[in-house]
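Let's take a walk through this structure together, with the ligands as our guides. Have the viewer open so you can follow along.

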Amino acid sequence: MSLKDCYNFDDFRKLAKRNLPAPIFHYIDGGSDDEATLRRNTEAFSKCDLVPSILTSVGEPDMTTEVFGEKIKMPLFLSPTAMQRLYHYDGDKASARAAEKLGTFYSMSTMATTSIEEISNVSGGPKMFQLYIHKDKGLTDNLIDRCKRSGFKAMCLTVDTVVAGNRERDHRWGFTTPPKLTLKSLLSFATHPMWSINYLTHEKFQLANVSHFTKKGSSIAKGVMEYINEQYDPKMNWQDAEYCIKRWGGPFAIKGVMSVEDAKRAVEIGASAIMLSNHGGRQLDGSRSPFDQLPAIAEAVGGKLEIILDGGVRRGTHVLKALSLGATACSFGKGYLFALGAGGQKGVEALLQRMHDEIRRDMILLGCKTIKDLKKTNIAYR
Amino acid sequence: MGLKDCHNFSDFRKLAKRKLPSPIFHYIDGAADDEVTYQRNTEAFNEVDLVPNVLRGVENVDLSTTIFGKKLDLPFYCSPTALQRLFHYQGERAVGKAAQKFNTMFGVSSLATVSVEEISSMIDTPKLFQFYYHKDKGLNNAIVERVKAAKFDVMALTVDTITGGNRERDLRTGFTSPPKLTLSSLISFAIKPMWGINYVTRGKFELPHLQDHVKEGTSTATSVGNYFSTMLDQSMNWKDAENLCSKWGGHFALKGVMSVEDAKRAVDIGCTGIMVSNHGGRQLDGARSPFDQLAEIVDAVGDKVDVICEGGIQRGTHMLKALSMGAKACAGGRLYLYALAAAGQKGVERALNQYRVELERDMKLMGCTKISDLSRKNLRFRK
Ligand SMILES: Cc1cc2nc3c(=O)[nH]c(=O)nc-3n(C[C@H](O)[C@H](O)[C@H](O)COP(=O)(O)O)c2cc1C
Ligand SMILES: Cc1cc2nc3c(=O)[nH]c(=O)nc-3n(C[C@H](O)[C@H](O)[C@H](O)COP(=O)(O)O)c2cc1C
């Protein structure tokens, strides 16, 4: 099996599973507790159907959409994800270059393994930075100021991770960062020699953005969950969010908003966007899926800020359903991470191209010429 | 597989399955008829989703809750379950001490294998005694007096076992109390020698609350279903419950109330709490799940008595959902029984701790710092 055999999410996932040592694959693939929310995030899209309009002389549909003050070529972009260097030795560089090529946003996690400065050297595409507020407030200012200097276009603050989710697959596989060998995982690393060779022969693993502030996760093998619980600030509140928005001064999203009340509050404090998200089912299991919650959010704050639907997106039709119900754009994590694990930059490009083609084809089949044509009337609930 | 590999309910269940002779495992694990209600008890939680609130500043979470006038550190407690020394030689001693460690309530069954006197000298955490209403009125009176003398805090009368449920797994495995060897169970006891050795060497098996009055279950092997059907009083009615309530004179609950009508009636006879429960799916198969029924009950009597949601709970988030719906506290049997079978007191402690940690984490992720922050505003039902 190779990249050219990968037609969809499942194929990329399968190939990534072959390439990656098990603890790493399961870190990407897993959710919290019983993974009920993880499953629901995607299943939710199947609870409604698309109703096409015919004979609308679509021609070539225009898929461009504006988000965070930038025109992007398709209404789907890369969510921020931690430690990409573990999934492929090119890590964030591969993702950023692929996103640039397809004309959409790449997002960088606070927990990235490549630095802000390095990424801005390798990619001129639109970039968003994802902020985690650490107990050490100096780090927040430092990250914001560096992103400004490095030409990042947007920033988001993740608010659904005040404490680490219960990712039981990571307990079982002993996943730590950087990877630590346990008896059980050893076998898995040994049977994926290419990954191990690449990991060891390329640049050193580090949490490049925070390594000057904390040794945790860079030099000491730490569970991600321990890192979160020790370093992130559980006291984080709306004032902190407002502070970040002001200091940044540009397009700013709150990532992980789910309730209508909070969405309204995001408008009040001056956020330009929210990412409707439960962190891909990795945090609070039993949490509602973004797609299920979308209509209520769109009704309350649609038009007042941009709504990014984040979580469970696997298909072009998922994107179209979300846009029809009021999302400005969608973002996804696992979708491109498996492609990264499957084939680095080439893999992510192939995946983004497939998603691009799906969205284009499905817009034609739906009879929509532009993103604005996607409306509630295209959707019927069962 | 050891205790340290147990990260959740199903891990404990798996380890218990390895440790226990199969008739005993299936006695815990099984339920009535087709086990539809048993499955639904847990599934019901999946049809409602949580909607968290963010940026609330959630550094310190207080999980304490007050039921029956007692403050517990946790919003859940251990439901009374029978025959615990069959599951692990430490039996009720293990569960009681673990409950004490987490300062939550310990429910003791009429069919307990350690006496109320011993339990109350051993722990001072709040204690509930679960009452089975026997045909023998002398026995009923004697038990009330003993439990009073032992200074228990709450009495709960179980009302859903008027006759034995049809537990087909027990029929197949030939489960009786005390264990009687049949051909098919023999093999199972033989391949779990540690269980057998502990059972035989760690003190005689007895039902201390009943043994002076009945020989069934103590010296004569009987199935639990058979015990219910022959020993318990099928003519038990509201008058009897009311009499028992006033005879007891303290906090009193009915365990196994499902209808709104009955819940109201429980208030009328002087109950201070009810357990919305179908006995873990072990009695009437097809009965509604406690969580499905909870909202109606809370709406009807939630401001008058403590409503406890019992059954099917396997996760902290399940408890959050029940508490958001308006339950004062949650309770469960299997949530600690597999852990007891897996590793005695250490096992129960690990399980209770996991639920505590889950609840604390989930409260933070919900943006809540105390139990009273939870409300129906946090819930959305799927259409
Ligand atoms: C392996 C992995 C790492 C992630 N790391 C981060 C992170 O560092 N910061 C963050 O805000 N979200 C992180 N996320 C969540 C994603 O940004 C996104 O919300 C989620 O993946 C969306 O769900 P999806 O994977 O179903 O598309 C991560 C997700 C995955 C799968
Ligand atoms: C093995 C076992 C024994 C039980 N014994 C009793 C009992 O003696 N008296 C009683 O009122 N309930 C008894 N129950 C029911 C529990 O109190 C409780 O209602 C039930 O376990 C809740 O469902 P859950 O196991 O899904 O949490 C028993 C349950 C189990 C699993």
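Before we start, please keep in mind that this is a predicted model. We begin with ligand 1 and its contacts in chain A. A good place to zoom in is the side chain of A:Lys255, where an N or O atom is 3.0 Å from a nitrogen atom of ligand 1. Another nitrogen contact involves A:Gln130, with a side-chain N or O atom 3.1 Å from a nitrogen atom of the ligand. For an oxygen atom of ligand 1, turn to A:Ser109, whose side chain has an N or O atom 2.7 Å away.

How much of ligand 1 does the protein cover? Taken on its own, ligand 1 has 600 Å² of accessible area, and the protein covers 99% of it. The space that ligand 1 takes up is the largest cavity. Two elements of chain A, α2 (22-29) and α15 (334-366), are the ones that give two or more residues to the shell around this ligand.

Now let's look at the residues of that shell. There are 24 residues around ligand 1, and those that come nearest are A:Pro80, A:Ser109, A:Thr158, A:Asp310 and A:Gly333. We have already met A:Ser109 through its 2.7 Å contact with a ligand oxygen. Sorted by class, the shell has 11 polar, eight nonpolar and five charged residues.

Next, move over to chain B and ligand 2. Here 22 residues surround the ligand, and B:Pro80, B:Ser109, B:Thr158, B:Glu310 and B:Gly312 are the closest. Two of these close residues are worth a look for their side chains. In B:Ser109, a polar side-chain atom lies 2.7 Å from an oxygen atom of ligand 2. In B:Thr158, a side-chain N or O atom is 2.7 Å from an oxygen atom of the ligand. A nitrogen atom of ligand 2 has a partner as well: an N or O atom in the side chain of B:Tyr132, 2.9 Å away. As for cover, the protein hides 98% of the 600 Å² of accessible area that ligand 2 has on its own.

Which elements build the shell around ligand 2? In chain B, α2 (22-29), β4 (76-81) and α16 (334-366) each supply at least two of its residues. The largest share, three residues, comes from β4(B). By class, you will find 12 polar, six nonpolar and four charged residues in the shell around ligand 2.

Terms used:
Residues are numbered from 1 along each chain as its sequence is written. Chains are lettered from A and ligands numbered from 1 in the order in which they are written. This is a predicted model: local features need pLDDT of at least 70, side-chain atom pairs count only at pLDDT 80 or more; totals for chains, interfaces and linings use all residues. Side-chain values use heavy atoms; hydrogens and water are left out. A residue is near a molecule or strand if one of its heavy atoms lies within 4 Å of it. A polar contact is a pair of N or O atoms within 3.5 Å; within protein, one must be able to donate a hydrogen and the other to accept it, and residues adjacent in sequence count only if both atoms are side-chain atoms. Accessible areas come from the Shrake-Rupley method with a 1.4 Å probe; for residues, only the protein chains shown count as cover. On a 1 Å grid over the protein atoms alone, a cavity is a set of points where a 1.4 Å probe fits but cannot get out, and a pocket is an open set with protein on both sides within 12 Å along at least five of seven lines; lining residues have an atom within 4 Å of a point. A molecule sits in a cavity or pocket if more than half of its atoms lie within 2 Å of its grid points. Helices (H or I, at least four residues) and strands (E, at least two) are DSSP runs, numbered from the N terminus. Ala, Val, Leu, Ile, Met, Phe, Trp, Tyr, Cys and Pro count as nonpolar, Asp, Glu, Lys and Arg as charged, and the others, Gly among them, as polar.
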